[in-house]
Amino acid sequence: LRSHLTVQKTRMLATTVLLCSSLLSSFGAVSSFTDSLHFLCDHRHRHTRRHTRRQIDLVVTKALHRNKRHTSTSSHLIVCHSSLCSSENNDISIDDQKTKSTERKSQRLMVFGLGNVGTLVAKEGTFFRTENNNNIFFEQVYGTARSGKSIEGVEVVQFNSQHKLKCILPSCTHILVTIPPVDTNTTASVGGRPRKWSYFCDPVLDHPNFSLRDLVSPGTWIGYVSSTSVYGNHDGEWVTEDSEVKCQQGSKGELYYRAEEEWRHASRECGWRLHVFRCAGLYGNGRSALHTLIMRKQVEGNDETASTEKNSKKKLYPTSRIHEEDVCRAVLYAMHHSKPSFGDCCTWNLADNNPAPRNEVMQYGIQLLDEADIISPSAVDNRTKIKPPQSERAKRRQTDRKRVDNERMKELLLPSGELMYPTYKEGLRSVLEHNRKQWS
């Protein structure tokens with residue numbers, strides 16, 4: 001039977017073990033349950049060993065999660081779960097298995113994409129203190145980058161470092177993905193390498209050198225940073241996490257939604273705990289309305305401009321935004337959130353409390369810079385009056401009209417229920433203080 005056990009029969013036997021777990025624990029037949037699992041682990045057929053470990057690992061993890069009230073059964077399940085996660089040697093002693101089970105509790109974080117948000121999470125991940133003075137920290141933090149980037153306390157790995165990533169990922173308890181999706185119709189490379197598949201738009205699931213499904217254990221926390229552009233146009237109405245997705249075909253929002261679905265499918269298949277963060281317009285100490293004003297060397301709020309906007313027939317709609325530090329804080333709290341269970345997904349809208357039209361935000365930025373004697377409202381550079389072509393993001397402000405509701409985030413994710421920067425005003429004042437010396 002051992003030499004001819006097929007993958008299909010293995011899965012059937014695994015399901016049988018799961019269904020019988022509660023009954024066995026009720027009759028005290030824990031040893032029989034353990035022996036059955038060790039029989040599956042000890043199966044030596046080379047072709048099916050990997051499938052056996054993956055399927056039984058997922059089954060035992062779910063059984064452990066559901067049977068926490070059975071103390072004796074859970075202790076044996078922990079030992080069996082540790083043996084299932086071992087790579088090749090199935091003859092390790094029970095004491096060694098218990099030691100490995102304890103070692104797996106250490107928290108390790110991998111951040112795919114050390115951009116603005118990824119860098120903040122990686123830095124704060126080394127030590128993060130909550131409002132309740134509980135310390136959230138990771139024993140080791142890793143991050144991927146395309147160039148030689150150095151961050152204190154973070155081990156930076158090249159995205160194409162096949163051997164390093166294969167060694168690091170199995171030990172990671174948390175994985176955050178901030179790399180944006182890529183159009184599958186393009187032939188452009190991602191991270192300096194050609195695309196492998198034509199149907200994955202997420203570069204991490206599309207890695208050319210390995211499959212994440214073979215390296216990441218069931219129960220691993222996965223975070224995917226998406227965008228509120230997936231909602232499309234809602235004619236200025238409020239959108240929640242349950243609102244209809246109306247993004248236009250071929251838009252950036254559609255790419256993000258496709259990437260979300262890819263992660264949901266992979267999480268159901270592998271038993272990961274997925275969190276999707278739909279972020280509104282991001283701004284922070286390195287990019288904001290103040291940076292736009294400084295870069296253009298002009299003020300859009302002088303009398304002539306204001307009069308033009310006032311008499312313009314184009315209606316200005318409110319848009320939602322959020323400070324990058326609030327995004328970082330929400331992501332770190334979600335890493336220690338009790339939900340979702342294995343294979344499920346939680347979706348969060350990350351936005352501040354006050355959606356506002358862009359011109360209102362720019363006017364407030366002008367006021368701040370004027371008060372700081374950095375730019376005067378009368379200092380208009382005539383050479384920059386020619387407007388550049390509109391970006392896709394600028395066009396979306398007119399076509400995708402919506403206001404993003406953040407009640408779920410404040411109620412269930414943030415312990416205090418409050419953001420560090422509830423509106424753009426607090427956020428821009430913080431940005432100004434951070435950059436005052438540089439701009440003065």
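Helices (H or I, at least four residues) and strands (E, at least two) are DSSP runs, numbered from the N terminus. The model is predicted, so local features need pLDDT of at least 70 and side-chain atom pairs count only at pLDDT 80 or more, while totals for chains, interfaces and linings use all residues. Residues are numbered from 1 along each chain as its sequence is written, and side-chain values use heavy atoms, with hydrogens and water left out.

**Figure 1. Overview of the protein, with 16 helices and 13 strands.** Of the 440 residues, 50% are buried, where buried means under 20% relative accessible area, exposed over 50%, and partly exposed in between (1.4 Å probe, protein chains only). Contact is defined as heavy atoms within 4.5 Å. Among contacts between residues at least 6 apart in sequence, 77% join residues at least 24 apart.

**Figure 2. Close-up of helix 10 (residues 289-296) and helix 13 (residues 358-371).** Two packed helices are described by the angle between their axes and the distance between the axes. Here the axes come within 9 Å and cross at roughly 70°; axes are lines fitted to C-alpha atoms, for helices over the stretch in contact, and angles run from 0 to 180 degrees between N-to-C directions. Helix 10 and helix 13 are therefore roughly perpendicular to each other (angles under 35 degrees count as roughly parallel, over 145 as roughly antiparallel, 65 to 115 as roughly perpendicular and the rest as oblique). Their crossing is right-handed, the term for a near helix turned clockwise from the far one by less than a right angle, with anticlockwise giving left-handed. Helix 10 contributes A289, L290, T292, L293, I294 and R296 to the contact, and helix 13 contributes R358, V361, M362, G365, I366 and L369. By class, eight residues of this contact are nonpolar, two polar and two charged (Ala, Val, Leu, Ile, Met, Phe, Trp, Tyr, Cys and Pro count as nonpolar, Asp, Glu, Lys and Arg as charged, and the others, Gly among them, as polar).

**Figure 3. Close-up of helix 10 against helix 16 (residues 424-439).** The two helices pack at an angle of about 35°, with their axes 9 Å apart. A289, L290, H291 and I294 of helix 10 meet L428, V431, L432, N435 and W439 of helix 16. This contact of helix 10 with helix 16 has seven nonpolar, two polar and no charged residues. Helix 10 is mostly covered, with six of its eight residues buried, namely A289, L290, H291, T292, L293 and I294. The cover over these buried residues includes helix 13 and helix 16.

**Figure 4. Close-up of the bend in helix 16 at E433.** The helix bends there by about 40°, the bend at a residue being the angle between axes fitted to the seven residues ending there and the seven starting there. Y424, G427, L428, V431, L432, N435 and W439 are buried in helix 16. These buried residues pack against strand 10 (281-283), helix 10, strand 11 (321-323) and helix 13.

**Figure 5. Close-up of helix 6 (residues 116-125) and helix 12 (residues 324-334).** The axes of this pair lie 9 Å apart, at an angle of about 55°. Helix 6 and helix 12 are therefore oblique to each other, and their crossing is right-handed. In the contact, N116, V117, L120, V121, E124 and G125 of helix 6 meet E324, E325, V327, C328, V331 and L332 of helix 12. Seven of the contact residues are nonpolar, two polar and three charged.

**Figure 6. Close-up of G118 in helix 6.** G118 is buried, with a relative accessible area of 1%. Not counting residues up to four places away in sequence, G118 touches V111, G113 and T178. The C-alpha atoms of G118 and L176 are 7.9 Å apart in space, although the two residues are 58 apart in sequence.

**Figure 7. Close-up of P318 in the loop between helix 11 (303-311) and strand 11.** P318 counts as partly exposed, at 24% relative accessibility. Its C-alpha atom is separated by 5.3 Å from that of P355, 37 residues apart along the chain. Beyond residues up to four places away in sequence, P318 touches P355, A356, P357, K402 and R403.

**Figure 8. Close-ups of D235 and D373, each a residue other than glycine with positive phi.** D235 lies in the loop between strand 7 (221-227) and strand 8 (238-239), with phi near 55°. D235 is exposed, at 52% relative accessible area. D373 is placed in the loop between helix 13 and helix 14 (392-399), and phi of D373 is near 55°. D373 is exposed, with a relative accessible area of 70%.
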